[in-house]
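Welcome to my notebook. I kept these entries while looking around one protein for the first time, and you are warmly invited to follow along.

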Amino acid sequence: MPGPHHGCSSAHQHGESNAGHSHDHGDHSDDVQPALQTLIWKQVDFENIRTLNESESDMGAKVVEKPWPQRLNAEPMLESDADEQLLMFVPFTGVVKLHSVLIRSSADSSAPRSLKLFPNRDDLDFSSASDLQPTQTIELSQTSEIQDIPVKRTLFGNTYNLNLFIEDNFGDGATRIYWLGFKGEFSALNREPVEVLYEKAANPKDHTLTQGVGDVASRHAI
């Protein structure tokens, strides 16, 4: 939705670019193996990431797909549209024992504040995400540094997909995220039985999810 958010976004991006540049000078040591040993990136199913209430299509997928060396770049950027909330569905290509969620936002009021995590669900919309008890709630900081937030590993030990519900921010009309990543242990799926189960179960689930997304999109447009 065009509007005042986009004007704020332009100025914000310029500031983030400068901040990222100065931060990067002290961060090169993280570009090598120690930081990447448990990074879940290639194992994310990028094509099937879905984000509700994003101001520009596919930006949610692009901030996840942004590789580690580009994590401080100001573009691409995920910005919310009708209000400050975002709901992301991130599937993996196998089973993940999730250790932490990594996020880079900003030091201004557009930074996300409350992040609610729901593993292994493909039926969430804003209404259900608001009503249901999350598996874990994370309180984020108002900073442009990379935040590496541990999850309760016993609750995320068998994760096929992860829903991330950004419920609010620090006061801006729109929420902005520049990079999103995950750390954990990955196990590949046994492809053959998965294909059989998918053929039997995919269509009804996809149909239900599409209806939910449409309903939410209509609500935000009102």
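**Entry: D172**

I began with D172, which is buried because its relative accessible area is 18% and buried means under 20% (exposed is over 50%, partly exposed is in between, with a 1.4 Å probe and protein chains only). I found D172 in the loop between β8 and β9 (176-177). Helices and strands here are DSSP runs (H or I of at least four residues for helices, E of at least two for strands), numbered from the N terminus. Leaving out residues up to four places away in sequence, D172 touches E84, S109 and S110; a contact means heavy atoms within 4.5 Å.

**Entry: what kind of model this is**

I noted that this is a predicted model, in which local features need pLDDT of at least 70 and side-chain atom pairs count only at pLDDT 80 or more, while totals for chains, interfaces and linings use all residues. Residues are numbered from 1 along each chain as its sequence is written, and side-chain values use heavy atoms, with hydrogens and water left out.

**Entry: the whole protein**

Next I stepped back for the overall figures. I counted 5 helices and 10 strands in the protein. Of its 222 residues, 45% are buried. I also looked at contacts with a separation of 6 or more: 85% of them are between residues 24 or more positions apart. The accessible surface comes to about 11100 Å², and carbon and sulfur atoms hold 50% of that. These areas come from the Shrake-Rupley method with a 1.4 Å probe, and for residues only the protein chains shown count as cover.

**Entry: E79**

Is E79 buried or exposed? E79 counts as buried, because its relative accessibility is 3%. I located E79 in strand β3. Its C-alpha atom is 5.8 Å from that of E54, although the two are 25 residues apart along the chain. The side chain of E79 also makes a polar contact of 3.1 Å with the side chain of R176. A polar contact is a pair of N or O atoms within 3.5 Å; within protein, one must be able to donate a hydrogen and the other to accept it, and residues adjacent in sequence count only if both atoms are side-chain atoms.

**Entry: Q136 and Q147**

I took two glutamines together. Q136 is in strand β6 (residues 136-139), and Q147 is in strand β7 (residues 147-150). Q136 is buried, with a relative accessible area of 9%, and Q147 is buried at 9% relative accessibility.

Which residues does Q136 touch, not counting those up to four places away in sequence? I listed L115, K116, L117, P150, V151, K152 and F156. For K152, the C-alpha to C-alpha distance from Q136 is 7.6 Å, with their positions 16 residues apart in sequence.

For Q147, I set aside neighbours within four places in sequence and found contacts with V101, L102, I103, S105, L140 and S141. With S141 there is more to see: the side chain of Q147 reaches the backbone nitrogen of S141 at 2.8 Å.

**Entry: a cavity**

I searched the whole structure and found 2 cavities of 30 Å³ or more. A cavity is a set of points, on a 1 Å grid over the protein atoms alone, where a 1.4 Å probe fits but cannot get out; lining residues have an atom within 4 Å of a point. I looked at the second largest cavity, which has a volume of about 40 Å³. Grid points are joined across faces, edges and corners, and the volume is the space filled by probe spheres set on the points.

M88, I103, L115, L164, I166, I177 and L180 line the second largest cavity. Strands β4 (86-104) and β8 (159-169) each supply at least two residues of that lining. I sorted the lining residues into 7 nonpolar, no polar and no charged.

**Entry: backbone details**

I closed with some backbone angles. The peptide bond from E75 to P76 is cis, with omega near -5°, and P76 sits in the loop between α3 (59-65) and β3 (78-79).

N53 is not a glycine, yet has a positive phi of about 70°. I placed N53 in the loop between β2 (50-52) and α3; N53 counts as buried because its relative accessibility is 10%. D58, also a residue other than glycine, has a positive phi near 70° and is found in the loop between β2 and α3. At 45% relative accessibility, D58 counts as partly exposed.

Technical notes: On a 1 Å grid over the protein atoms alone, a cavity is a set of points where a 1.4 Å probe fits but cannot get out, and a pocket is an open set with protein on both sides within 12 Å along at least five of seven lines; lining residues have an atom within 4 Å of a point. Ala, Val, Leu, Ile, Met, Phe, Trp, Tyr, Cys and Pro count as nonpolar, Asp, Glu, Lys and Arg as charged, and the others, Gly among them, as polar.
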